[in-house]
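Subject: Handing over a structure, with notes

Hello,

I am passing on to you the structure that I have been working through, and below it you will find my notes on what turned up. Please keep it open while you read, so that you can look up each residue as it is mentioned.

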Amino acid sequence: MMGKIKKTAGMVIILLMLTACAKEAPVDTNTVSVEKDGTVKTTLIEDFTQSYYNADELKKMIDEEVAAYNKEAGADKVTVATFEPTKDKVRLELDFADSDDYAKFNSREFFVGTAAQAQALGIEIPDLTDAQTGATISSGKLLENSSCKMVVTDEAQDVRIPGKILYYSEGLALKDKKTVTVPKEQEKAFIVYE
């Protein structure tokens, strides 16, 4: 009986350790996350140290912008998930129905789809860097792999995707296997994942 209890306790500990290791690191910088279901979440962490800043006014302004967008869209396409002001920072998380809503709401370029879909929209795909080897892959070679998905953005922030990053464009920094940093505003940043 004691042996079964020890085995069960050992298995529970191992499962807990595996679960803890599988969790993603918390977002601590401006980040846009593409979710598996196609929704998009943005986390903004901004300085809030000026004495004239007012959290209630900021929250009201955000709520009004979200309400106006949703009214024009005819549905709830954007929601405020989190608004947390502290003494020196404010954390805002917005959830978007899809990448198109993210792009429209923020007046930015933001595409999520396949390389073939990007090409059909007239997006020119540059040569990319292999995330594992550092080698260069041509856009032609990328188009041969129709199962890969792609994020294209022009915004300086971290981009977190739901799969493993395979390739990314020049000037980006691989943060971990699911996150790349776009260090500055650019014409277009490309992240390809599976």
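Let me begin with one charged residue: Lys-41 has a relative accessibility of 23%, and because buried means under 20% and exposed means over 50%, Lys-41 counts as partly exposed. Please keep in mind throughout that this is a predicted model.

The side chain of Lys-41 meets that of Glu-93 in a salt bridge, with 3.7 Å from N to O. This pair links distant parts of the chain, since Lys-41 belongs to strand 2 and Glu-93 to strand 4, and the two are 52 residues apart. Glu-93 itself is buried, its relative accessible area being 13%. Glu-93 also forms a salt bridge with Arg-91, where the closest N and O atoms are 2.9 Å apart. In general, side chains of opposite charge can pair when their charged atoms come close.

Elsewhere, Glu-144 and Lys-141 form a salt bridge whose closest N and O atoms are 3.8 Å apart. Because these two residues are three apart in helix 5 (residues 139-144), about one helical turn separates Glu-144 from Lys-141. Glu-144 is exposed, with a relative accessible area of 60%, while Lys-141 is partly exposed at 49%. Returning to the earlier group, salt bridges that share partners join Lys-41, Arg-91, Glu-93 and Asp-95 into one network. A search of the whole structure finds eight salt bridges.

Now to the sheet that holds strands 2 and 4. It is an open sheet of seven strands, in the order 3-4-2-1-9-12-11, and its pairing is mixed. Strand 3 (78-85) and strand 11 (173-176) are the edge strands, each of them pairing on one side only. On average, and ignoring direction, neighbouring strands of this sheet are turned by 20° against each other. Helix 2 (residues 55-73) packs on the sheet, where it touches strand 3 and strand 4 (89-96), and its direction makes about 175° with that of strand 3. Helix 3 (residues 99-106) lies across strands 1, 2, 3, 4 and 9, and runs at about 130° to strand 4. Within the sheet, strand 9 (residues 157-160) and strand 12 (residues 179-182) pair in the antiparallel sense over four bridges, and Asp-158 stands opposite Thr-181 in strand 12.

Which residues have the most contacts inside the largest nonpolar core? They are Phe-110, Val-151 and Val-159, in a core of 29 residues. The largest share of this core, four residues, comes from strand 4. Among the residues that Phe-110 touches are Val-32, Val-34, Tyr-102 and Val-151. A second, separate core has 15 residues, including Phe-111 and Tyr-167.

Finally, the aromatic rings: a search of the whole structure finds six aromatic pairs. Tyr-52 and Tyr-53 form one that is edge-to-face, at 5.1 Å centre to centre and with 80° between the planes; Tyr-52 counts as exposed at 61% relative accessibility, whereas Tyr-53, at 35%, counts as partly exposed. Tyr-102 and Phe-110 form a tilted pair, at 4.7 Å centre to centre and with 55° between the planes, and both of these residues are buried. Tyr-102 and Phe-110 also belong to one aromatic cluster together with Tyr-69, Phe-96 and Phe-105.

With best wishes

Key
Residues are numbered from 1 along each chain as its sequence is written. This is a predicted model: local features need pLDDT of at least 70, side-chain atom pairs count only at pLDDT 80 or more; totals for chains, interfaces and linings use all residues. Side-chain values use heavy atoms; hydrogens and water are left out. Two strands pair if DSSP finds at least two bridges between them. Axes are lines fitted to C-alpha atoms, for helices over the stretch in contact, and angles run from 0 to 180 degrees between N-to-C directions. Contact means heavy atoms within 4.5 Å. A nonpolar core is a set of buried Ala, Val, Leu, Ile, Met, Phe, Trp, Tyr and Cys residues joined through side-chain atoms within 4.5 Å. Buried means under 20% relative accessible area, exposed over 50%, partly exposed in between (1.4 Å probe, protein chains only). Rings of Phe, Tyr and Trp (its six-membered ring) pair if their centres lie within 6.5 Å; planes under 30 degrees apart count as stacked, over 60 as edge-to-face and the rest as tilted. A salt bridge is a side-chain nitrogen of Lys or Arg within 4 Å of a carboxyl oxygen of Asp or Glu. Lists of a residue's contacts leave out its neighbours within four places in sequence.
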